[in-house]
Amino acid sequence: EDIAERARTVDFLQVSADGQRVKRTTPIPEEDVTLDRTIYAKPFTVTSFGQVMAEVERTFKPFGEIASVRMVRDFRRGELTGA
């Protein structure tokens, strides 16, 4: 129920009356529209995930809304790299 209620607040989603089905009302973009707004930044000091997220937000918030953050992990150790 909580997911259906949240989905009802999204402009491009349509949720069935019983909350069991969700349908997109606009087409999915052909291209990745986020690439024009994507940056790669490093180094961030990593002591914890929450700490590095706060540092990223503090650094970039003055330039606009942060929609998504992806942190790079060392695939052998599984640890965040600070990039």
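Where in the chain is the place of Glu-79? Glu-79 sits in the segment after α2. We'll come back to that residue once the rest of the picture is in place. One thing to know from the start: what you're looking at is a predicted model.

**The whole chain**

Let's start with the big picture. The chain has two helices and two strands, and if you read along the sequence you meet them in the pattern α-β-β-α. The radius of gyration is 18 Å, well over the 12 Å that the globule rule gives for 83 residues, so the chain is more spread out than a compact globule. Lay the C-alpha trace along its principal axes and it spans about 45 × 30 × 30 Å.

How much of the chain counts as buried? Of the 83 residues, 16% do. The accessible surface comes to about 7,500 Å², and 52% of that belongs to carbon and sulfur atoms. As for contacts, take those in the chain with a separation of 6 or more: residues 24 or more positions apart account for 20% of them.

**Helix α2**

Now zoom in on α2, which runs over residues 49–60. This helix has twelve residues and reaches 17 Å from its first C-alpha to its last, close to the 16 Å expected at 1.5 Å a residue. Which residues in α2 are buried? They are Val-52, Glu-55 and Val-56. Look down the axis of α2 and its buried residues fall within an arc of 100 degrees, so they line one face of the helix. Here is the handy rule behind that kind of pattern: an α-helix has 3.6 residues a turn, so residues three or four places apart point the same way.

Glu-57 also lies in helix α2, but with a relative accessibility of 46% it counts as partly exposed, because buried means under 20%. The C-alpha atoms of Glu-57 and Val-69 are separated by 9.2 Å, with their positions twelve residues apart along the chain.

**After the helix**

Ile-66 is found in the segment after α2. What does Ile-66 touch, not counting residues up to four places away in sequence? The list is Val-56, Glu-57, Phe-60 and Lys-61. Val-56 has already come up as one of the buried residues of α2. The C-alpha atoms of Ile-66 and Phe-49 are 17 residues apart along the chain and separated by 16 Å.

Back to Glu-79, then. Leaving out residues up to four places away in sequence, Glu-79 touches Val-72, Arg-73 and Asp-74. Its C-alpha atom is also 9.2 Å from that of Val-46, although the two are 33 residues apart along the chain.

**The two loops**

Ser-16 has its place in the loop between β1 (13–15) and β2 (22–24). Is Ser-16 buried or exposed? With 15% relative accessibility, Ser-16 counts as buried, because the cut-off is under 20%. A polar atom of the Ser-16 side chain lies 3.2 Å from the backbone nitrogen of Gln-20. Leaving aside neighbours within four places in sequence, Ser-16 is in contact with Arg-8 and Arg-21.

Glu-31 lies in the loop between β2 and α2. Glu-31 is exposed, with a relative accessible area of 65%. The C-alpha atoms of Glu-31 and Ile-3 are separated by 27 Å, and these residues are 28 apart along the chain.

**Side by side**

Here are the residues we've visited, with their accessibility.

| Residue | Relative accessibility | Counts as |
|---|---|---|
| Ser-16 | 15% | buried |
| Glu-31 | 65% | exposed |
| Glu-57 | 46% | partly exposed |
| Ile-66 | 29% | partly exposed |
| Glu-79 | 43% | partly exposed |

Try finding these in the structure above. A good place to begin is α2, with Val-52, Glu-55 and Val-56 buried, and then move on to Ile-66 in the segment after that helix.

Key: Residues are numbered from 1 along each chain as its sequence is written. This is a predicted model: local features need pLDDT of at least 70, side-chain atom pairs count only at pLDDT 80 or more; totals for chains, interfaces and linings use all residues. Side-chain values use heavy atoms; hydrogens and water are left out. Helices (H or I, at least four residues) and strands (E, at least two) are DSSP runs, numbered from the N terminus. Buried means under 20% relative accessible area, exposed over 50%, partly exposed in between (1.4 Å probe, protein chains only). A polar contact is a pair of N or O atoms within 3.5 Å; within protein, one must be able to donate a hydrogen and the other to accept it, and residues adjacent in sequence count only if both atoms are side-chain atoms. Contact means heavy atoms within 4.5 Å. The expected span of a helix is 1.5 Å times one less than its number of residues. The arc is that of the directions from the helix axis to the C-beta atoms. The radius of gyration is taken over C-alpha atoms; the globule rule is 2.2 Å times the number of residues to the power 0.38. Accessible areas come from the Shrake-Rupley method with a 1.4 Å probe; for residues, only the protein chains shown count as cover.
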